[in-house]
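Student: I should like to take a close look at a single part of this model, and then to see how the parts around it are arranged. May I ask for a connected account?

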There are 2 protein chains.
Amino acid sequence: MQTLTVALDDRSYPIHVGPGVLRQQALVQAAIPAQSVLLVSNATVAPLHAAPLKAALADRNVVEVIIPDGEQHKSLATAGRMFDVLVANRIGRDAVVVALGGGVVGDLAGFVAACYQRGIDYVQVPTTLLAQVDSSVGGKTAVNHPGGKNLIGAFHQPIAVLADTDVLATLPDRELRAGLAEVIKYGLICDSGFFAWIEANIGALLARDPAALTHAIHRSCEVKAGIVARDEREQGERALLNLGHTFGHAIEAATGYVEWLHGEAIAAGMLIAADLSHRMGALTRADVERIEALLARAGLRTQAPRMGAEKAAGYMSIDKKVQAGRVRLVLMQGFGRARFTADYDDAALRDTLRAHFGP
Amino acid sequence: MQTLTVALDDRSYPIHVGPGVLRQQALVQAAIPAQSVLLVSNATVAPLHAAPLKAALADRNVVEVIIPDGEQHKSLATAGRMFDVLVANRIGRDAVVVALGGGVVGDLAGFVAACYQRGIDYVQVPTTLLAQVDSSVGGKTAVNHPGGKNLIGAFHQPIAVLADTDVLATLPDRELRAGLAEVIKYGLICDSGFFAWIEANIGALLARDPAALTHAIHRSCEVKAGIVARDEREQGERALLNLGHTFGHAIEAATGYVEWLHGEAIAAGMLIAADLSHRMGALTRADVERIEALLARAGLRTQAPRMGAEKAAGYMSIDKKVQAGRVRLVLMQGFGRARFTADYDDAALRDTLRAHFGP
């Protein structure tokens, strides 16, 4: 097991990564330092992975909330029902919320923890590759609004993250591939050497080789933790983590958050960002093809839905990164280097949207 | 006009207090530095006081949300409808929410600003004495839950507070008196000299003498700003601001948040806290009578509803100040000095609850 620290002064917290983390009872007990625990999970994950957690917490007062599986339940209405459970069980400010699941459970439970009594502690126990490398690290919590993803939320850091690689054994292939999209993202935004490592090890990763997965998760968390430590509230550098997200959110919103997995949409979005970067001269054609090739080898579709450029631009305009009416974008400024900017060519963006979303 | 600063590093903000603040267009324009503005008010306040604000913001893109008057609308459902308005109008992260109203509008609009896109700026324009001296200062935002007041919320500091004493001219007498309860609170928790000043000037305050009101508001904000600057997230000293609140919240919850105004409930709650402090030897009988006399002169009822001690204790147990199953209380440790403690005598508390809420 490896432990990293996300360095945020008095809100610093550890991320424990490796096989068998959840079976280490003393570690789990120390990571969840409360008598009262609200354990949040979903109907798919709980039967598979709740048992070791509940065994470790046998002497605590554990209230369990099981939400249905699916992004559509990451809503203000579901959060409202969780507040009802907290109040009905008279759970106090010194309780800990434990989020056992993927990004939906983590974002939702984190948001509820952020708002209940103006903020109580929570622990992330991510059970998807995507959540282990991305959504459980950094304190972004949110629910979706019908008009856009993650539009209602809070910055609220967990007090610990328990990323057990063993739980990935039950992950559907499609979700594994969606998680790899975010792993590839870390290579693209700041570590071309890591990108090359992924190219060399994509077969091992898809075969769920434990050593390969552990390295990929550890390096991804390390990159993200470093960026978050330098820019917790996304004033600058942290925005780079959103490579592909503005385009990807348009795909997700247009398809009702159900047809594309988040990581799949981000994969297609990263290719669109790379294409626009190429049209503006920051990447070569070969760079774009290299990115597309790795995404394809990871089993990710790279063709965005043909919704039309205008509709895609409409979805992009409600993005959180809009400033003074202009969408700011994360673009490549070279292979393995990204920048966050409102300074891009409108004609190139229009051409890019037409090429990927249709006229 | 007087200006205080709440000192919170990069979240510091000014409070402008005095007559005619809202008619100073340049001040209002500088305090609301955004092209997009969501102006939140209620059906009672907007017709009386929105005009000068809207005149100052004539060249901005202002979207107005008018909520019905009343504490029952400070709910997650109302917040949800405000998110709908923000999304429908494609309001971006660089917008400013302006809360024109009393504590309900301020707490609700502040909570919406805290959560929309994980936090956008907001400005408080408090129109009640209570909001001017309390709820608009310090960044506590929240909505109520049927099971308890302010159970869902966030810490989110405004970027400015505009406290115009002229708007108090239209305030109903009952609300003026409820606001005076919080003014008296500041004297009790840390400034016996201010308490004595209120005793000497209660007639002028009730007659809405502008100089008396301005001094009372300025000193109240000064005390609160100092405490908040030293303890923003209520780890310690800030809890003192809750003198009377645990008992008062029980009164409000038991009566459905409609029968008692917040300040009225806090007045009765402060007397209960003073009585318990007396039973534990920290105040003399004369001290308690002096407090009761000032509350009575301010026109505040001091008799809690006869719900019974057990029911009151039940409501207290869901209070945010519960830790390890025990309610912590703000008690007097002398006249003009308060402390926050779990170290109180259970028998004395029981006797106190029976004396005030009935057996």
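Student: Why does Gln72(A) count as partly exposed?

Tutor: The model is a predicted one, and the answer rests on a count of neighbours. Gln72(A) has 14 C-beta neighbours inside 10 Å, so this residue counts as partly exposed. The reasoning needs two cut-offs: a residue is buried with 20 or more such neighbours and exposed with 12 or fewer, and therefore a count of 14 falls in between.

The place of this residue in the chain comes next. Gln72(A) is found in the loop between strand 4 (61-67) and helix 3 of chain A. Leaving aside neighbours within four places in sequence, Gln72(A) is in contact with Tyr257(A) and Val258(A). Arg118(A) stands 46 residues from Gln72(A) along the chain, and the C-alpha atoms of the two are separated by 25 Å.

These contacts lead to the division of the chain. Chain A consists of domain 1 (2-170) and domain 2 (173-357), whose C-alpha centres lie 25 Å apart. To the contact between them, domain 1 of chain A gives 29 residues and domain 2 of chain A gives 30 residues. On the side of domain 1 of chain A that touches domain 2 of chain A, the elements that give two or more residues are strand 1 (2-6), strand 2 (13-18), helix 5 (129-135) and strand 8 (148-155) of chain A. Helix 5 of chain A gives the most to this side, with five residues. By class, the residues of this side of domain 1 of chain A are 15 nonpolar, 11 polar and three charged.

Helix 3 of chain A, which follows the loop of Gln72(A), also takes part in another contact, that with chain B. Here 29 residues of chain A meet 29 residues of chain B. Two or more residues each come from helix 3 (76-88), helix 4 (103-115), strand 7 (140-145), strand 8 and strand 10 (322-323) of chain A. Strand 8 of chain A gives the most to the side that touches chain B, with six residues. That side of chain A has 14 nonpolar, nine polar and six charged residues.

The interior may be considered next. The largest nonpolar core has 252 residues, and Val98(A) and Val98(B) are those with the most contacts inside it. Beyond its neighbours within four places in sequence, Val98(A) is in contact with several residues, among them Ile32(A), Leu53(A) and Tyr122(A).

Chain B also offers a sheet for study. Seven strands of chain B form an open sheet in the order 1-2-9-6-5-3-4, with mixed pairing. Strand 1 (2-6) and strand 4 (61-67) of chain B stand at the edges with a single partner strand each, so one side of each is left without a neighbour in the sheet. On average, neighbouring strands of this sheet are turned by 15° against each other, direction ignored. Strand 1 and strand 2 (residues 13-18) of chain B pair in the antiparallel sense over five bridges, and Thr3(B) stands opposite His16(B) in strand 2 of chain B. Helix 4 (residues 103-115) of chain B lies across strand 3 (36-42), strand 5 (96-101) and strand 6 (121-126) of chain B, at about 170° to strand 5 of chain B.

A hairpin in chain A completes the account. Strand 12 (residues 329-334) and strand 13 (residues 337-341) of chain A pair in the antiparallel sense over five bridges. Val330(A) has Phe340(A) as its bridge partner in strand 13 of chain A. Two residues lie between the strands of this hairpin, where Gly336(A) takes a positive phi near 85°.

Definitions and conventions. Residues are numbered from 1 along each chain as its sequence is written. Chains are lettered from A and ligands numbered from 1 in the order in which they are written. This is a predicted model: local features need pLDDT of at least 70, side-chain atom pairs count only at pLDDT 80 or more; totals for chains, interfaces and linings use all residues. Two strands pair if DSSP finds at least two bridges between them. Helices (H or I, at least four residues) and strands (E, at least two) are DSSP runs, numbered from the N terminus. Axes are lines fitted to C-alpha atoms, for helices over the stretch in contact, and angles run from 0 to 180 degrees between N-to-C directions. Two residues are in contact if their C-beta atoms, placed from the backbone, lie within 7 Å. Domain bounds come from an automatic or database domain assignment. Ala, Val, Leu, Ile, Met, Phe, Trp, Tyr, Cys and Pro count as nonpolar, Asp, Glu, Lys and Arg as charged, and the others, Gly among them, as polar. A nonpolar core is a set of buried Ala, Val, Leu, Ile, Met, Phe, Trp, Tyr and Cys residues joined through C-beta atoms within 7 Å.
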